[in-house]
Each structure stands twice: as C-alpha cells, then as structure tokens.
Amino acid sequence: MDADRNDLEDVRDVASQFDERASHYDDSQMHRELAAQVAGFVHLDGVGRALDVATGTGLVLRALPDSTERGLVGVDVSAGMLDVAKRETPSAEFVLVGPEPPLPFADGSFDLITCATGLHLMPSPLAALQDWRRLLTPDGRIVVATFSTAARNPGHGRHPNRLSLIGTPEAMSDLAAPAGLRAVRTELWTYAEPFDVCLLIELAAVA
C-alpha cells in the first residue's frame with residue numbers, strides 16, 4: 001500500500017515538474033528529433049485514429065505525416081504541457097488523465113498507440129500495456145520509445161528499476177507478453193549531445 005501511494009505521489013511530482021517545463025519543453029532539439037524518429041518509425045497504413053500517451057506538448061502527434069487527416073488524441077498528467085499541445089495542434093484532442101489506468105476510452109478505439117519516453121514514469125508499466133492492449137483495434141499497433149539500458153548506465157536517470165523492465169528488446173518482450181502483446185520490430189536511435197540511445201519497439205496483439 002505504501003509503495004503504491006509513493007508511486008502515485010511520484011507521478012504527481014512528475015506532473016508538477018513538467019508543468020514548470022512546459023513553456024520551453026519544445027526548445028529541446030533532442031525532444032523534437034525523437035518525436036520525428038517515432039513518427040518515421042510507425043506504419044500509418046490503415047491508421048484512422050491514433051493515441052499518444054504521455055504526449056507532453058504533442059510533439060509526436062505534430063510529427064505524424066498527414067496528421068490533420070487522422071483522428072489524433074493525446075493524453076498526459078501535466079495540464080501545463082497539454083496547454084501547449086492544444087495551442088500547437090488544434091486539430092487534435094487532448095485529455096488530462098490521472099496517474100493510473102484505465103484511460104477514458106472504449107475498447108478498440110485506436111489503430112495506433114504511441115508513447116515516447118513516458119512508460120518508465122508510470123507506476124506500473126505492465127498495467128499501462130494491458131490497458132493499451134484493451135484500446136487497440138484487432139490489427140492495431142503500439143510503438144514505445146524508451147531509453148536503452150543496453151547502451152547506457154541502467155542507474156542513470158529517473159526510475160532505473162522500471163527502465164530495466166523495458167530498456168532492451170528482450171526485457172520489453174518479456175513485459176509485454178502477459179499483456180497479450182508481442183514485439184514485431186525494433187530500432188535503436190542515438191542522439192549524441194547529450195548522449196542518449198533510445199529503443200523504439202513496435203508491439204502487436206497476440207492472435
């Protein structure tokens with residue numbers, strides 16, 4: 001119980017920190033380039049509705065090709081970040097959510113779900129994946145970008161224990177399996193200064 005309460009307090013702390021960063025978050029070249037990398041990694045054939053979890057200022061949704069022709073939704077725990085997202089991407093819908101699943105959408109609502117460097121900040125990455133699986137259409141895909149623990153110190157940054165659950169293709173596959181998901185393809189992306197290596201992984205529902 002205490003651990004759960006501590007996790008929820010941590011998410012509230014994260015939300016507060018991102019509220020403070022919202023006005024200058026898009027100034028980061030790393031954030032912009034990672035969003036473009038995620039958008040280039042996804043397969044958009046047949047994607048009518050897309051959900052970006054931990055969307056922040058909506059950088060990934062903005063980077064998607066033909067974004068105005070799709071039904072785009074972004075969710076985040078930071079109201080400040082969503083204020084920027086709404087201003088920058090008025091064609092999308094943005095929803096402020098709490099720290100725990102489920103997200104407020106019906107089963108099978110989305111053809112694509114993306115999450116860039118946000119999964120390790122969630123109290124339970126497995127619970128998040130299970131909820132995203134619920135939201136997928138039968139042929140839908142999930143694309144997660146996370147910091148690679150194979151290419152950087154696993155103790156670096158926030159929540160190294162959670163990063164260890166998702167920071168390699170093998171770890172992500174092991175975590176995704178109980179959620180009814182399987183890894184389809186992976187890619188590593190390096191941003192040199194400051195040095196960061198991110199793992200991009202596409203997940204599909206197990207038939």
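Me: Hi! How many aromatic pairs does the count come to here?

Reply: Three aromatic pairs. The rule pairs rings of Phe, Tyr and Trp (its six-membered ring) if their centres lie within 6.5 Å, with planes under 30 degrees apart called stacked, over 60 edge-to-face and the rest tilted. Keep in mind that this is a predicted model, where local features need pLDDT of at least 70, side-chain atom pairs count only at pLDDT 80 or more, and totals for chains, interfaces and linings use all residues. Residues are numbered from 1 along each chain as its sequence is written, and side-chain values use heavy atoms, with hydrogens and water left out.

Me: Thanks. Which charged end sits over the ring of F41?

Reply: That of R185, at 4.0 Å from the ring centre. The criterion is NZ of Lys or CZ of Arg within 6 Å of the ring centre and within 35 degrees of the ring normal.

Me: Switching to cysteines: how many disulfides does the structure hold?

Reply: Zero, taking a disulfide as a pair of cysteine sulfur atoms within 2.5 Å.

Me: Why is there no bond for C115?

Reply: Because the closest cysteine sulfur, in C198, is 12 Å from the sulfur of C115, too far for a bond.

Me: And is C115 buried or exposed?

Reply: C115 is buried, at 1% relative accessibility. C198 is buried too, with a relative accessible area of 0%. Buried means under 20% relative accessible area, exposed over 50%, and partly exposed in between (1.4 Å probe, protein chains only).

Me: OK, what about T114, where is that found?

Reply: T114 is in strand β4, residues 110-116. Helices (H or I, at least four residues) and strands (E, at least two) are DSSP runs, numbered from the N terminus. T114 counts as buried at 3% relative accessibility.

Me: Which residues is T114 in contact with, leaving aside its neighbours within four places in sequence?

Reply: V38, V42, L51, D52, V53, V60 and V143. Contact here means heavy atoms within 4.5 Å.

Me: Now helix α7. Which of its residues are buried?

Reply: In α7 (residues 169-176), A171, M172, L175 and A176 are buried. They fall within an arc of 130° seen down the axis, so they line one face of the helix. The arc is that of the directions from the helix axis to the C-beta atoms. On the face turned away from the buried side, α7 carries the exposed residues E170 and D174.

Me: What do the buried residues of α7 pack against?

Reply: Two helices and three strands are listed by name: α5 (125-135), α6 (160-166), β5 (136-147), β6 (181-191) and β7 (196-205).

Me: Backbone oddities next. Which residues does a cis peptide bond join?

Reply: P101 and P102, with omega about 5°. P102 lies in the loop between β3 (93-96) and β4.

Me: Which residue has a positive phi of about 55° although it is not a glycine?

Reply: A54, which is found in the loop between β1 (49-53) and α3 (59-63). A54 is partly exposed, with a relative accessible area of 29%. T117 also has a positive phi, about 50°, and is not a glycine either. T117 lies in the loop between β4 and α5 and counts as buried at 18% relative accessibility.

Me: Last one: how many helices and strands are in the chain?

Reply: Seven helices and seven strands. Buried residues make up 52% of the 207 residues.
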